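Visitor: Hi, I'm new to this one. Could you walk me through it?
Guide: Sure, take a look and ask away.

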Amino acid sequence: MSDDCRADGPAGEFSDALGTAERGGPPYAECVLCREPTEYPEAHKGITLCPVCAWQEAQRTACSG
């Protein structure tokens, strides 16, 4: 068993555990912290975070007491 959270999709391409890997469709917005593609389209208004950065931000704010 691998520690990698990626798995081969049906077409042999990699997709992450949340299914937000690059795929056909609209251009996806970049994460404002790490510049990775997010699950939001480029036209999405507001701060866009990828699932990893969103989880890390939630951890930081939850522990700020």
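Guide: One term before we start: two strands pair if DSSP finds at least two bridges between them. Also, keep in mind that this is a predicted model.

Visitor: Okay, so how many bridges join β3 to β4?
Guide: Two bridges join strand β3, residues 28-30, to β4, and the strands run antiparallel. Take Y28: its bridge partner in β4 is P41.

Visitor: And what do β3 and β4 form?
Guide: They form a hairpin, with six residues between the strands. In the turn sits R35, which has a positive phi of about 70°.

Visitor: Let me zoom out. Which elements does the protein chain have?
Guide: There are four strands and one helix. Starting at the N terminus, the order is β-β-β-β-α.

Visitor: How much of the chain is buried?
Guide: 14% of its 65 residues count as buried. The chain exposes about 5200 Å², and 54% of that comes from carbon and sulfur atoms.

Visitor: What about contacts between residues at least 24 apart?
Guide: They make up 5% of the contacts between residues at least 6 apart in sequence.

Visitor: Now the loop after β4. Where is T48?
Guide: T48 is in the loop between β4 and α1.

Visitor: Is T48 buried or exposed?
Guide: T48 is buried, because its relative accessible area is 5% and buried means under 20%.

Visitor: What is T48 in contact with?
Guide: Leaving aside neighbours within four places in sequence, T48 is in contact with A29, E30, C31, V32, T38 and Y40.

Visitor: And I47, where does that one sit?
Guide: I47 is also placed in the loop between β4 (37-41) and α1 (51-62).

Visitor: Buried or exposed?
Guide: I47 counts as exposed, because its relative accessibility is 67% and the cut-off for exposed is over 50%.

Visitor: What does I47 form on the surface?
Guide: A nonpolar patch, together with V32 and L33. The three have about 320 Å² of accessible area together.

Visitor: Last topic: P37. Where is it?
Guide: P37 is in strand β4. At 27% relative accessibility, P37 counts as partly exposed.

Visitor: How are P37 and L49 placed?
Guide: They are twelve residues apart along the chain, and 8.6 Å separates their C-alpha atoms.

How values were computed:
Residues numbered from 1 in each chain as written. Predicted model: local features only at pLDDT ≥ 70, side-chain atom pairs only at ≥ 80, totals over all residues. Heavy atoms only, no water. Buried < 20%, exposed > 50% of the residue type's maximum accessible area, 1.4 Å probe, protein only. Contact = heavy atoms within 4.5 Å. Areas by Shrake-Rupley, 256 points an atom, 1.4 Å probe, with all protein chains shown as cover. Patch = residues over 30% accessible without salt bridge, like charges linked within 9 Å, V, L, I, M, F, W, Y side chains within 5 Å. Salt bridge = Lys/Arg side-chain N within 4 Å of Asp/Glu carboxyl O.
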